[in-house]
Amino acid sequence: MTDMTQGAPPGSPPVAPDPSTADIDAAVAFSPLMAWADVAVAAILALIAATMTVAMPMLIASGGIETERDFATLSPALIPRLAFGCLTILAIVALIPAVQTVRSGAGHPRADELGRLQRAGIAAAIAVGYALCVTWLGYILATMVMTAAMAWYLGLRNPLAFIPGVIVVPVLIRFVFERLLLISLPRSSIESIGLVEDAVLRFLSQVFIP
Amino acid sequence: MLETLGQSIDLLLRWDIYFYISIGLVIGMFVGAMPGLTTILAMAVLLPISFKLEPMLGIPFLIGVYKGGIYGGSIPAILVGIPGTGASIATTFDGPPLTRQGKGRKALEMALFASVIGDAASDIITLLMIGLIARIILLIGPPEVFAIIIFSLILIASVSGESGIKGAIAACIGVGLGFVGKESVDGEARMTFGLDALVGGIPLIPLVIGIFALPEVFEAVESRTRSFINESVDPAKSGERLRWHEFKNSIRTICRSTIIGTGIGMVPGVGQVVAAFIGYSAAKRASKHPETFGKGELDGIAGPEAANNAVNGPTLVPLLTLGIPGDNITAILLGAFVAHGMRPGPQIFNEQGALVYAILIAAILANLIFVVLAYVLLRPFAKAIQLPKAYLVPVILALAFVGTLSTGSASDLGIMMAAGICAYILKKLRYDLAPLIIGFILAEPLELRLSQSLLYARGDVLDFFFLQRPIASFFLLAGIAWIVGMIYVRFRRKPGEAFVP
């Protein structure tokens, strides 16, 4: 586990200022790791775009309004092919300086670079888990779990500091969206949890909606 | 006309008009500030409510929602880099850097004043020149729209980020993704890879939320700062208000962007997104210190915000004079006009001139109300961003999911997550993601207008575009000149020198 004490709420031990990621990204040259990643992404983009350009006619499904063909002068493949063709050329153009950067060995490893990527990866994992659970557990319970996990990971250790928010925020969001804006959010597919959610929303409706 | 204007002023002497405008503005601002909730959605939901009101209350109420929504989108764009609406994508360039410097409130106030001035000025121009604007609109057909879209894409790709090539790559990816699903001309499905979910195309809102919200969340977690504001910023100075001299320095930018937005507003189907980018680009090019753009420059807020709001006035012209809505918002307004017994078209000024002018004047006055309302409501937003990230990040993530779930199905969450992770990687490699979304939005109209233009051309494409359609040829040649200029500047630039298109 990486050191996350600096994300802690007021009252935690003081720590040295740390510039934001965006500020660092804007200020310095690519690290060797990022330079390699730049090459890889440009190469992958060039490869995918070239494949799409060549294979585009095979990616058009049959159907549509056939009689329209008599009037239309454009093939459905033409403009996408042009777009992906341009992308192929541009990705190759971007690949050249990226390879030169790697070969020249310019740039220095950034302090805590892997730690930063690891923290972002854990945040992404929490978000993916949230996306997978939201239809099963329902919006309210899944959001409670995600909020608690994220707040804990970001350094909140005092349960009294985040448990009220963990409970109130998802219930409030679902109530506002469902009962005031008439936009439904996923109800838990576990019936016992769903019944509790319904009861809470009914109670809030009786209190706040005349 | 003066007599009609006099009658319309009589219609405006009622307090309840301003009450309903205020409610509309607050609702619009709230909706615009929520990623995933669109102004169109709010107007569609509130349309039946407006039917129950008389025309002089119901239509200004909807116009209030529209105006509030466009400004509301800039609030999350400035504070956390998540555009509440497409119109505020360009505001994400300088908004978050200003927030990190503790100038979030300054940026919000600059956005407010620029929005209100741009909107009010374009409304006044519309009111005074409605006949002339209608005649100009009639000159703009599919070839002109196609040429303007091409020019806009070139401009947007070149102006954003530090690398024109990476901006162009992002725009091409966006255009390519925009072609997934049913083709606009004859409905043939493309690039669906056998997935039924893709036949309708990639949905915009999960894509926008994934591209803008998730990378912000991941970056917020990866950085060790306690809040979104840099810890080197003096807390006493964080949350400072906009000073008069700062606003005065941006007046020229606001005026320029207002003219740009009003001009773009006359082109049906192009809209606020393109206007905001061109406004930003023009502000950057005219600046004495273009290198500060993207790093926290107030002109970078004033430019796009004045331009995207200045689009509002002229978009009403084709609706009122020809009965043709230029976009989805004006289509909803058309529904409101018809439901209230008004028939937009050439005769509307003879039949119901006083009412139409009264509505246009109410739209102008709505800006004055908005300054007061928004100025009061901005304070809690500016304060909220000072909370620790441990509180804000989960809320942002929960709202991002709500935005996706509220407009689509749970399967859209997959699109949002995939877009978010790819966007994070691209952002780390300094690809600007705004051209990707603009390319995505403009892909369909681009193909449709080109297809229509080729039908008009009857095989003689060059002669048609360059001899018969001067406006289209102007924009196409300007686009070519822009690319040539970029290449020329790129090769003349010394290492380390900032690129200014």
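In the predicted model, long-range pairings make up much of the contact set of chain A: among contacts between residues at least 6 apart in sequence, 71% join residues at least 24 apart. The secondary structure of this chain consists of seven helices and zero strands, giving the pattern α-α-α-α-α-α-α when read along the sequence. Chain A has 210 residues, of which 30% count as buried.

The domain assignment divides chain A into domain 1, covering residues 29-104, and domain 2, covering residues 113-208. Taken over C-alpha atoms, the centres of domain 1 of chain A and domain 2 of chain A are separated by 39 Å.

In chain B, helix α4 comprises residues 55-72. Burial extends over most of α4(B), with 17 of its 18 residues buried. The length of helix α4 of chain B was compared with the expected value: at 1.5 Å a residue, its 18 residues should span 26 Å, and the end C-alpha atoms are 25 Å apart, which agrees.

A further position in chain B, F277(B), was examined individually. F277(B) is located in helix α14 of chain B, which runs over residues 271-286. This residue counts as buried because 29 C-beta neighbours are found inside 10 Å, where the cut-off for burial is 20 or more. F277(B) is also paired in space with a residue distant in sequence: A90(B) lies 187 residues away along the chain, yet the C-alpha atoms of F277(B) and A90(B) are separated by 5.7 Å.

Notes. Residues numbered from 1 in each chain as written. Chains lettered and ligands numbered in written order. Predicted model: local features only at pLDDT ≥ 70, side-chain atom pairs only at ≥ 80, totals over all residues. Helix = DSSP H or I, 4+ residues; strand = E, 2+ residues; numbered from the N terminus. Buried ≥ 20, exposed ≤ 12 C-beta atoms within 10 Å, placed from the backbone. Contact = placed C-beta atoms within 7 Å. Domains from an automatic or database assignment. Expected span 1.5 Å × (residues − 1).
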